[in-house]
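Below is a short note for a colleague who has not seen this structure before. Please read it with the sequence and the model at hand.

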Amino acid sequence: MGKFRNKLSSALGGGVAFAVSLTPAIGQQALVQQTTLPTTAAQTTLQQTTAPSTVVQQTPSQQLIAQQALRNPARQVGLPTTIQPIGTGTGLSVTLDYLTSLKHDNNLRLTDPSLGSTTWWENTLALSILRQASDSSLALDLSGLYRIANEPIIGTESSFSDPSAQLAYQRTRLNSQFGLQLEYREQDLAFNRSLTDTNLDGIINSADVIGTIGDQINTRADLNWVVGLNAPLGFQFDYSHRERRYKDTIDPSLFENSSDDYTAAVLFRISPILLGNLTVDYRDFEADDSAQTDRQTTTVSAGGTYNISSVTTVSANVGYSQVDNTERATNTNDVTEDYVWNFGWNKTLPDGVVTAQIDQTFGVNGSRINATAGRSYQRANGTLSFDAGFTRGPFDEVTPIGQIDYSYQLPSSRIGATIQRRVGTSTDSLETRQTLAFLTYDYFINPVSGLSFSLDFIDQETEGSGPSNPRQRGTFSASYSRVITRDWAMNVGYEYEKDDQNGFTASSSSVFLTLGRRFTLKP
């Protein structure tokens, strides 16, 4: 619960003083929106999993439910996020959010049989500072909580937990762009089991959905710098750091790891309709796994983007990738290399976009070919987008892949869904196949109250000749939210969770009550 994501969102007017928001990527933050190069072969097969991201204009009561007001924050799953625009010149705003939550779970650690019931009380404080100018944005988010929990065997304990901090800065000029994002987040693994990409690497690993004792510490940094946006010759540099550490854990499957990714590109604006690029990417990955992995991946590629017409664009890149993999535990080293390439086609239609892409990537296990085609539709009350295709991995296995995103707004309700099938290399160097589904339904009873339902599911297994290690996780949640007074809102609900891995099955049921309010300190 104690994460900077747990925020209160103002929703004044229409009889509703405010709505409490626990959406990921809080409304007060200014995310670094990186300028992406033409798709390179070094890009990961798996993309970060999020629920439908389209947010339509809503009344205050609809905001209350659509933003999952005071939804159980301990297991928050990606929901539609309203992000403040960059550089609106609105000046300085400072808010302080307070949440108090009481919860009871009959099998918190998902053991079979259950060790007993757990009851805990949490109080969260979250500070958000946002400074916006005409061409820049600076956001700082800090949060933490105090928890008193009564667990079986352990007894009653109290602690300050889940500190988090995020700094985001972006500046856009006529011919350049700069973005920086820093984040530090601690999570108590017993109280945080959301089906999200906690490692922020685009893949939901088994370590992302495990419930055990101890703390998980995630650190990340993203830097993006582009010059020559409108010049014949431009330059782009991107740096990404990801690090995961653990404290007081006993599960042998949890291991610390870190990665640093550097990308430099020279951009050639050959003509108004033709853009070329020469790109070098270097990635350094280290893991404290049983093999003590130390891996460097270098990719050099060249390509371009060509506007066939005002609505149709094609892009192509070709390059070479080398993987230098060392296992320090056995003092072995293996260097492999292969060609990488991609081709993409994109056409803009009056009601959406049609896309097609085929590429070959290369990793520690070998080459992978991906081919997909997709279509998106934009309507007044919602959106629908989908892509479908196949991937052929280093073990010659062919797997269907794709994604469907759907969002629809009715006068008194909202429906959202994401279904995804992807394959990629996990942090433990395994080709992992994933099927994910995030479904939400919100019903607005009146201007001050509503009901929310969600179903989240993930199915994982490993490809190749080794054990498949299948795992399934599912969560169902139902809650009722209501604005009580001008300053306070409440949320009460029920949640059911089931975990099935390698024939071992466990489930839990929980109820929760949360109260919260936002203090606007400035303006």
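The numbered points go from the chain as a whole to single residues and pairs.

1. Status of the model. This is a predicted model. The distances and accessibilities quoted here should be read as values computed from that prediction.

2. Overall make-up. The chain has 523 residues, and 50% of them count as buried. Its secondary structure consists of one helix and 24 strands. About 22300 Å² of the chain is exposed, with carbon and sulfur atoms supplying 58% of that area.

3. Contacts along the chain. Among contacts with a separation of 6 or more, 58% are between residues 24 or more positions apart. One pair brought together in space is Thr305 and Leu275: they are 30 residues apart along the chain, yet their C-alpha atoms are separated by 5.2 Å. Thr305 belongs to strand β12, which covers residues 293-307. Is Thr305 buried or exposed? Its relative accessibility is 18%, so Thr305 counts as buried, the cut-off being under 20%.

4. Salt bridges in general. How many salt bridges does the structure hold? The count is 26. Three of them are taken up in the next points, each with its strands and the accessibility of both partners.

5. Arg147 and Asp188. These two residues form a salt bridge in which the closest N and O atoms are 3.7 Å apart. The pair links distant parts of the chain, since Arg147 sits in strand β5 (residues 136-151) and Asp188 in strand β7 (residues 176-188), 41 residues apart. Arg147 has a relative accessible area of 2% and is therefore buried. Asp188, at 15% relative accessibility, also counts as buried.

6. Asp222 and Arg242. Here the side chains meet in a salt bridge with an N to O distance of 3.2 Å. The two residues are 20 apart along the chain, Asp222 in strand β8 (residues 215-227) and Arg242 in strand β9 (residues 233-247). Asp222 is buried, with a relative accessible area of 7%. Arg242 counts as buried too, at 13% relative accessibility.

7. Glu461 and Arg433. The closest N and O atoms of this salt bridge are 3.0 Å apart. The bridge links strand β21 (residues 449-462), which holds Glu461, to strand β20 (residues 431-446), which holds Arg433; the partners are 28 residues apart. Which term fits Glu461 in the matter of exposure? With a relative accessible area of 26%, Glu461 is partly exposed, because that value lies between the 20% and 50% cut-offs. Arg433, by contrast, counts as buried at 16% relative accessibility.

8. A wider network. Glu461 and Arg433 also belong to a network of salt bridges, whose members are Arg368, Glu397, Glu431, Arg433, Glu461 and Glu463. A reader inspecting the bridge between Glu461 and Arg433 should therefore display the other residues of this network as well.

9. Arg518. This residue lies in strand β24, which spans residues 504-522. What does the side chain of Arg518 contact? It makes a polar contact of 2.9 Å with the side chain of Asp97. Arg518 has a relative accessible area of 12%, so it is buried.

Terms used
Residues numbered from 1 in each chain as written. Predicted model: local features only at pLDDT ≥ 70, side-chain atom pairs only at ≥ 80, totals over all residues. Heavy atoms only, no water. Helix = DSSP H or I, 4+ residues; strand = E, 2+ residues; numbered from the N terminus. Buried < 20%, exposed > 50% of the residue type's maximum accessible area, 1.4 Å probe, protein only. Polar contact = N/O pair within 3.5 Å; in protein donor to acceptor, adjacent residues only side chain to side chain. Salt bridge = Lys/Arg side-chain N within 4 Å of Asp/Glu carboxyl O. Contact = heavy atoms within 4.5 Å. Areas by Shrake-Rupley, 256 points an atom, 1.4 Å probe, with all protein chains shown as cover.
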